[in-house]
Amino acid sequence: MPSFPLLLLLLWGVGSRGFPASPEIREQDVETVQKYLENYYDLKSDGKQIEKQRNSGLVVEKLKQMQEFFGLKVTGKPDAETLKMMKQPRCGVPDLARFALTPGNPRWERTHLTYRIENYTPDLPRADVDSAIRKAFELWSDVSPLTFTKVFDGQADIMISFVRGDHRDNSPFDGPGGNLAHAFQPGPGIGGDAHFDEDERWTNNFRDYNLYRVAAHELGHSLGLSHSTDIGALMYPNYIFNGDVELAQDDIDGIQAIYGPSQNPTQPTGPQTPQACDSKLTFDAITTIRGEMMFLKDSPGQNHFIADSRMAGNKYWAVQGQDVLRGYPKDIYSSFGFPRTVNHIDAAVSEEDTGKTYFFVANKYWRYDERKRSMDAGYPKMIAHEFPGIGDKIDAVFKKDGQNISSILLFSPPSFFPPKEPTAIINRRNSEP
C-alpha cells in the first residue's frame with residue numbers, strides 16, 4: 001500500500017525568549033502569524049496586533065507550540081520556515097497532537113450513522129461529488145465497526161455542505177487558499193457536520209484541491225479525531241495529495257481507540273511514517289524541489305521522482321506545482337524507448353547542462369538524450385562495470401550543484417537515513433560540456 005513521501009525540510013532560525021517582531025518581518029506576515037495563532041492555537045489577542053502587545057510571552061509560547069507540532073526548529077520566532085508552513089493550505093480545525101482525539105473524547109453512541117449532502121459544488125458533476133463523499137466514508141468504515149448510509153432529506157447525523165465566507169457557524173472561511181474546509185466533533189445539532197469552502201476549486205484530480213482527499217480528512221473530525229503530527233497521516237492538518245488517499249496506521253489507531261477494531265476477520269493495517277533516527281529506515285529517492293532536499297520513501301517500485309516527473313511502475317506523470325500537466329500519465333516505453341522487460345525505474349537523475357538523463361534499473365543503467373529524444377547507443381550498461389566498487393544496484397541517485405562543480409551522488413542498498421556517505425560521487429565542473 002503506497003504511503004505519503006517522507007519530506008525532510010531544511011530548517012533555519014535563531015532562538016529567542018521574546019516575540020521578535022523584527023524589522024524584516026513584513027506587516028502582512030505579522031498579520032499572518034496573528035491570524036494563524038488565533039485560528040489554530042487559541043491565541044487571545046484582544047484585537048491588538050501581536051507585535052504591539054506588551055506581554056509577548058504568550059505569543060512566543062504559541063509559536064513554539066506550532067513549531068513543535070510541525071517538527072520545525074522551536075525558536076518562538078516567525079522565521080522563514082514557520083511563515084512558509086503558515087501559508088500552506090490546510091484544514092480549518094485547530095491543531096492538537098499525534099493521533100489526537102477531540103478534547104472531551106466526543107463520540108457517536110451508535111455505530112450506524114447517516115449523512116446528507118445538502119448542496120453541490122458547481123466545480124464537479126454531482127456524481128463525482130457523491131462518489132468522493134462515499135469513498136471518504138468507506139475509508140473509515142473499512143477499519144472500524146462504523147457504517148454510513150446516505151439520506152436525501154431531513155436531518156442526518158452528518159450534514160455536508162458547500163458554503164463560503166461567513167456561513168453562521170462562528171468559523172468563517174477566508175476565500176481561496178488557506179482554510180479549505182472544517183468539520184465539527186460528534187454531537188447534536190451542528191455536531192459532525194462538514195463544511196467545504198466554495199471559494200476553492202474542487203476537483204477529482206491533482207489540480208487545486210481534491211475533494212475526496214479533503215473530505216476523508218474532514219470526516220475524521222466528524223467522527224471524533226483531531227489533528228495528527230504524523231506527516232504521513234490523513235489527519236495531518238496541511239493539504240498533501242500525491243494521488244493516493246488512504247489511512248495511515250496512525251489514523252487507524254486513532255479511530256479504533258474511539259470505536260474499537262474492525263469487524264473484519266483480518267484487521268486492516270496502514271503504512272507507518274518512519275522515524276528519522278530509525279537505523280532500519282531506507283529511502284527510495286532523493287531530490288531537490290523548490291530549493292529543499294527531500295528524501296522520498298514509498299513501497300518498492302512505486303512513486304519515484306524524476307526531475308519534475310512522478311513515476312509509478314511503468315507510468316509517469318509530469319507535475320508543475322500541484323498540477324499534473326495535460327496528457328499524463330504516459331508510459332516509459334513509448335516516451336523513452338525502454339524494452340517491455342523493464343517494469344519500474346529504481347532511480348534516475350538528469351543533467352540539464354548536457355541534456356542527459358540516467359535511468360538505473362536492477363543491475364543496469366540507460367542514458368537518455370533529452371535533445372535527441374532517444375536512448376544513447378551502447379546502452380544499457382552494467383552498473384558494476386561502469387562504476388567499479390559500487391555494487392550491482394543503485395536505489396537512489398541525486399544531483400547537487402555547487403558553485404563550480406555539479407556532483408551526482410549514487411547510493412546503493414542498504415541506504416539508511418541519515419546517510420553516512422554516498423556510495424559514489426561523480427563530479428563535473430559546471431563549465432564542462
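About 70 Å³ of space lies in the largest cavity, one of three cavities of 30 Å³ or more in the structure. The model is a predicted one.

**Stop 1: the largest cavity**

Select Arg90, Cys91, Leu180, Ala181, Arg213, Val214, His217, Glu218, Tyr236, Pro237, Asn238 and Tyr239; together they line the largest cavity. By residue class, this lining divides into seven nonpolar, two polar and three charged residues. Now colour helix H5, residues 211-222. With four residues, H5 gives the most to the lining of the largest cavity. Keep the lining on display while adding Tyr236, Pro237, Asn238 and Tyr239 as sticks, since these belong to the lining too.

**Stop 2: strands S15 and S16**

Move to strand S15, residues 347-351. Is this strand largely enclosed by the rest of the structure or not, and why? Four of its five residues are buried, so S15 is largely enclosed by the rest of the structure. Buried here means under 20% relative accessible area.

Add strand S16, residues 356-361, to the selection. S15 and S16 run antiparallel and are joined by five bridges. To see the pairing at one position, pick Ser350 and look across to S16, where Thr357 stands opposite. In a regular strand, side chains alternate between the two faces of the sheet.

Next, follow the chain from S15 to S16: the two strands form a hairpin, with four residues between them. In the turn, select Gly355, which has a positive phi of about 75°.

**Stop 3: Gln155**

Select Gln155, in the loop between strand S2 (147-150) and strand S3 (158-163). Is Gln155 buried or exposed? With a relative accessible area of 62%, Gln155 is exposed, the cut-off for exposed being over 50%.

Then add Tyr115 and draw a distance from C-alpha to C-alpha. Gln155 and Tyr115 are 40 residues apart in sequence, and the distance in space is 8.5 Å.

**Stop 4: the whole chain**

Zoom out and switch to a cartoon. Eight helices and 22 strands make up the secondary-structure elements of the chain. Of the 433 residues, 51% are buried. Switch to a surface view: the accessible surface of the chain comes to about 21200 Å², and carbon and sulfur atoms hold 49% of that area. Finally, display contacts with a separation of 6 or more; 58% of them are between residues 24 or more positions apart.

Terms used
Residues numbered from 1 in each chain as written. Predicted model: local features only at pLDDT ≥ 70, side-chain atom pairs only at ≥ 80, totals over all residues. Heavy atoms only, no water. 1 Å grid on protein atoms, 1.4 Å probe; cavity = no way out; pocket = protein on both sides within 12 Å on 5 of 7 lines; lining within 4 Å. Points joined across faces, edges and corners; volume = space filled by probe spheres on them. Nonpolar A, V, L, I, M, F, W, Y, C, P; charged D, E, K, R; others polar. Buried < 20%, exposed > 50% of the residue type's maximum accessible area, 1.4 Å probe, protein only. Pairing = 2+ DSSP bridges. Contact = heavy atoms within 4.5 Å. Areas by Shrake-Rupley, 256 points an atom, 1.4 Å probe, with all protein chains shown as cover.
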